[in-house]
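Here is a walk through one protein model, from its overall build down to single side chains. Keep the structure open and follow along.

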Amino acid sequence: MVGASFVCSVDNTRCPVSAAFTAISAVSTIAIVLAVGLVRLAPWGWYGAMLYTGVGLAFQIALFANGRGSSLYLAIHVIEAFYLNQADVRRIFQRDGGGR
């Protein structure tokens, strides 16, 4: 797979596979760390999940503006944001739940 590339979705230029692998690995690692924070009820897990959701939502809105958005992914991000902002969920993460 030496010299392999794919078309980047942002500007239709060719990107090397190693750049895509690095980006996907970084995003996946962040998602796993945030999932651990959410399971442990750590306040930083909630803040991180909100940031992750907000960035994903902004990205989907930008893609929609360019005619490339996915209704499914946009709906998932909106549902995540509403769920994480519910009073009961916020209250759980405001308590000292970290470190269990």
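**From surface to core**

The accessible surface of the protein comes to about 7200 Å². Of that surface, 69% belongs to carbon and sulfur atoms. Bear in mind that this is a predicted model.

Now the layout. The protein has four helices and two strands. Along the sequence they follow the pattern β-β-α-α-α-α. Among contacts between residues at least 6 apart in sequence, 43% join residues at least 24 apart. The protein has 100 residues, and 21% of them are buried.

Next, the interior. In soluble globular proteins, nonpolar side chains tend to be buried together. Which residues form the largest nonpolar core here? There are five: Trp46, Ala49, Leu84, Val89 and Phe93. Helix 2 and helix 4 are the elements that give two or more residues to this core. Take Val89 as a way in. Leaving out residues up to four places away in sequence, Val89 touches Trp46, Tyr83 and Leu84. Two of these partners, Trp46 and Leu84, are named in the core alongside Val89.

Trp46 also gives a reference point for helix 1. Ala35 is found in helix 1. The C-alpha atoms of Ala35 and Trp46 are separated by 9.3 Å. Along the chain, these two residues are eleven apart. Ala35 itself is partly exposed, because its relative accessible area is 37%, which falls between the 20% and 50% cut-offs.

Stay with helix 1, which covers residues 17-39. Ile30 lies in this helix. Is Ile30 buried or partly exposed? Its relative accessible area is 44%, so Ile30 counts as partly exposed. Ile30 also belongs to a nonpolar surface patch of about 250 Å². Its partners in the patch are Val27 and Tyr52.

Follow the chain out of helix 1. Leu41 sits in the loop between helix 1 and helix 2. Look at its backbone. Phi of Leu41 is near 60°, a positive value in a residue other than glycine. Most residues other than glycine have a negative phi. The relative accessibility of Leu41 is 23%, so this residue counts as partly exposed.

Helix 2 comes next, at residues 43-65. Gln60 is found there. Is Gln60 buried or exposed? Gln60 is buried, because its relative accessible area is only 8%, and buried means under 20%. What does this polar side chain meet? A polar atom of the Gln60 side chain lies 3.5 Å from the backbone nitrogen of Ser70. Leaving aside neighbours within four places in sequence, Gln60 is in contact with Gly69, Ser70, Tyr73, Leu74 and His77.

His77 is worth a look from its own side. It lies in helix 3, residues 71-84. At 14% relative accessibility, His77 is under the 20% cut-off and therefore counts as buried. With neighbours within four places left aside, His77 is in contact with Thr53, Gly56, Leu57 and Gln60. So the Gln60 to His77 contact appears in both lists, and both residues are buried.

Helix 3 has another residue to check. Leu72 is found in this helix. Is Leu72 buried or exposed? Its relative accessibility is 56%, so Leu72 counts as exposed. The C-alpha atoms of Leu72 and Gln60 are separated by 9.9 Å. The two residues are twelve apart along the chain.

Finish with charge. How many salt bridges does a search of the whole structure find? The search finds one. In this salt bridge, the side chains of Arg91 and Asp88 meet at 2.8 Å, N to O. Why is the pair about one helical turn apart? Arg91 and Asp88 both sit in helix 4, residues 87-94, and they are three residues apart, which means a separation of about one helical turn. Arg91 is partly exposed, with a relative accessible area of 47%. Asp88 is partly exposed too, at 49%.

Terms used: Residues numbered from 1 in each chain as written. Predicted model: local features only at pLDDT ≥ 70, side-chain atom pairs only at ≥ 80, totals over all residues. Heavy atoms only, no water. Patch = residues over 30% accessible without salt bridge, like charges linked within 9 Å, V, L, I, M, F, W, Y side chains within 5 Å. Areas by Shrake-Rupley, 256 points an atom, 1.4 Å probe, with all protein chains shown as cover. Salt bridge = Lys/Arg side-chain N within 4 Å of Asp/Glu carboxyl O. Buried < 20%, exposed > 50% of the residue type's maximum accessible area, 1.4 Å probe, protein only. Polar contact = N/O pair within 3.5 Å; in protein donor to acceptor, adjacent residues only side chain to side chain. Contact = heavy atoms within 4.5 Å. Core = buried A, V, L, I, M, F, W, Y, C linked by side-chain atoms within 4.5 Å.
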